[in-house]
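Thank you all for making the time this morning. I would like to walk through one model with you, going from the chain as a whole to a few individual residues, so please have a look at it before I begin.

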Amino acid sequence: MSEIDDLVTRGEIGGRTVRILEDGVVDCHDYPVAPLVGDAVRIVTVRSAVSPGTELTYVGPRATNPYLHRRWDARLRLFADGAPSVSYPIVFGYRAAGVVIESNTSSVPTGSRVFGKWRHTEFTTLPAAEAHAQLLADELSFDDGVDLAQMLPIAVNAVAFGENRHVGGPTVVFGCGPIGLLVAQVARATGAGPVYAVDRLTGRLDIARWLGLEPIAAEGDVAAALKERHGADGVAVAFECSGSAAALHEACRVVRRRGTVVAVGFYQDGAADLRLGEEFHHNGIEIKSGQIGNVHPSFDAATLRARAIELSRAGGIVLGRLPRLVFPVSRAAEAFAALARPADVLQVVFKYD
């Protein structure tokens with residue numbers, strides 16, 4: 001049985017489902033819907049959003065995701081030579097929200113609104129306990145739920161790796177994609193100020209300004225400008241959210257001696273622009289990975305989700321109102337193609353009418 005057949009049998013995908021095929025092809029394929037069994041609920045998806053950082057690494061003739069090229073040894077936690085861990089077709093996604101249409105539990109009745117990390121698929125099933133933990137609050141929209149499913153927890157986890165060094169002082173975030181804009185907002189909501197948002201794209205800097213952040217164009221010497229403004233010791237922590245090695249290098253330059261850089265982006269290929277013999281070496285910079293698969297020791301999966309829900313309901317963070325293009329799921333290929341225009345498109349969302 002293939003991995004996709006197994007997903008269908010378990011009820012994790014069904015109906016119209018987005019697939020990534022070889023050579024950059026993306027389509028919408030119809031899968032059968034399995035019977036609902038056990039203590040579980042069936043959800044019809046209302047919205048699911050593409051993660052532009054991770055999902056695009058699976059698309060195209062030069063797809064760079066390491067799982068496509070090497071084997072992940074889970075026991076040794078190493079990438080090794082051998083048959084790749086992932087092969088096409090790929091059914092992906094982890095930002096979704098929808099409505100319960102069938103339930104085997106009284107704790108999550110039909111009509112309940114739920115968010116979660118399921119794939120781009122019209123129908124999915126969740127265990128009752130998981131669905132109950134991810135009920136969408138009345139004041140939050142489905143688009144809020146899409147970002148609450150994974151992106152806001154990623155941001156909360158990343159800021160935690162700053163070990164509160166952002167509190168009471170200037171903080172710098174590199175990359176104004178969906179993750180960077182959320183990291184910047186979480187940093188501000190938990191005590192940073194001012195929060196500088198760095199990007200090379202004017203449209204994304206305009207979004208940062210709309211959010212009340214301090215936008216800075218990536219052209220020019222960002223580190224020198226901010227150290228002139230705040231002093232050589234002014235910035236204790238920076239967050240790199242673009243996945244660019246050049247931006248990671250600039251983050252090392254902007255923080256103070258023995259400062260901290262949290263690497264949040266998904267870095268591909270080599271890192272020739274990360275010059276470790278310069279500020280990293282001479283200033284004793286600490287680089288931490290803030291990747292969501294390695295949750296900060298102050299959290300586990302449940303408490304991280306609870307903290308994200310708490311922040312989302314407090315009203316200080318913009319989630320679903322961040323700009324997005326909405327496509328019918330049947331136009332999946334067009335939606336993915338739109339992400340090739342980052343100057344115009346921040347993110348894309350599927351609707352399942």
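When I say that two residues touch, I mean that they have heavy atoms within 4.5 Å of each other. Please also keep in mind throughout that this is a predicted model.

With that cut-off in hand, let me start at Gly15, which touches His29, Asp30, Tyr31, Pro32, Val33, Glu122 and Phe123, leaving aside residues up to four places away in sequence. Gly15 belongs to strand 1, which covers residues 15–20, and with a relative accessibility of 4% Gly15 counts as buried. One of those partners deserves a distance: the C-alpha atoms of Gly15 and Asp30 are separated by 4.9 Å, although the two residues are 15 apart along the chain.

Let me step back to the chain as a whole, which has eleven helices and 16 strands. Its radius of gyration is 21 Å, close to the 20 Å that the globule rule gives for 353 residues, so the chain is as compact as a globular protein of that length. Along the principal axes, the C-alpha trace spans about 65 × 45 × 40 Å. Of the 353 residues, 51% are buried, and if we take the contacts with a separation of 6 or more, 66% of them are between residues 24 or more positions apart. As for the surface, the chain exposes about 15,600 Å², and carbon and sulfur atoms supply 51% of that area.

Which helix is largely enclosed by the rest of the structure? That is helix 4, residues 151–160, where ten of the ten residues are buried, so the helix is largely enclosed by what surrounds it. The buried residues here include Met151, Pro153, Asn157 and Ala160. As for what they pack against, the partners are helix 3 (142–149), helix 5 (178–189), strand 12 (237–240), strand 13 (260–263) and helix 10.

Helix 10 gives us a second place to look, since Ser312 is found in that helix, which runs over residues 301–314. Ser312 is buried, with a relative accessible area of 6%, and, not counting residues up to four places away in sequence, Ser312 touches Leu140, Leu148, Leu152 and Leu319.

Turning now to charges, the chain carries 35 positive and 40 negative ones, and their mean positions are 3 Å apart. The structure holds 23 salt bridges, and I will pick out a few of them. In one, the side chains of Glu139 and Arg313 meet at 2.7 Å, N to O. Glu139 lies in the loop between helix 2 (128–133) and helix 3, while Arg313 lies in helix 10, so this pair ties together parts that are 174 residues apart in sequence. Glu139 itself counts as partly exposed, at 45% relative accessibility.

A second salt bridge links Glu334 with Arg331, where the closest N and O atoms are 2.8 Å apart; Glu334 is partly exposed, with a relative accessible area of 40%, and Arg331 likewise counts as partly exposed, at 37%. In a third, the side chains of Asp353 and Lys351 meet at 3.7 Å, N to O, with Asp353 exposed at 73% relative accessibility and Lys351 partly exposed at 27%. Elsewhere, salt bridges that share partners join Arg47, Arg95, Asp143, Asp147 and Arg324 into one network.

Finally, a word on backbone geometry. Most residues other than glycine have a negative phi, and most peptide bonds are trans. Against that background, the peptide bond from Tyr88 to Pro89 is cis, with omega near -5°, and Pro89 lies in the loop between strand 5 (78–80) and strand 6 (96–103). Another cis peptide bond joins Gly193 and Pro194, with omega about -10°, and Pro194 sits in the loop between helix 5 and strand 10 (195–199).

As for phi, Asp23 has a positive value of about 60° although it is not a glycine; Asp23 is found in the loop between strand 1 and strand 2 (26–31), and at 62% relative accessibility Asp23 counts as exposed. Glu163, also a residue other than glycine, has a positive phi near 50°. Glu163 is found in the loop between helix 4 and strand 9 (171–174), where, at 35% relative accessibility, Glu163 counts as partly exposed.

Technical notes:
Residues numbered from 1 in each chain as written. Predicted model: local features only at pLDDT ≥ 70, side-chain atom pairs only at ≥ 80, totals over all residues. Heavy atoms only, no water. Helix = DSSP H or I, 4+ residues; strand = E, 2+ residues; numbered from the N terminus. Buried < 20%, exposed > 50% of the residue type's maximum accessible area, 1.4 Å probe, protein only. Rg over C-alpha atoms; globule rule 2.2 N^0.38 Å. Areas by Shrake-Rupley, 256 points an atom, 1.4 Å probe, with all protein chains shown as cover. Lys, Arg positive; Asp, Glu negative; His and termini not counted. Charge placed at Lys NZ, Arg CZ, Asp CG, Glu CD. Salt bridge = Lys/Arg side-chain N within 4 Å of Asp/Glu carboxyl O.
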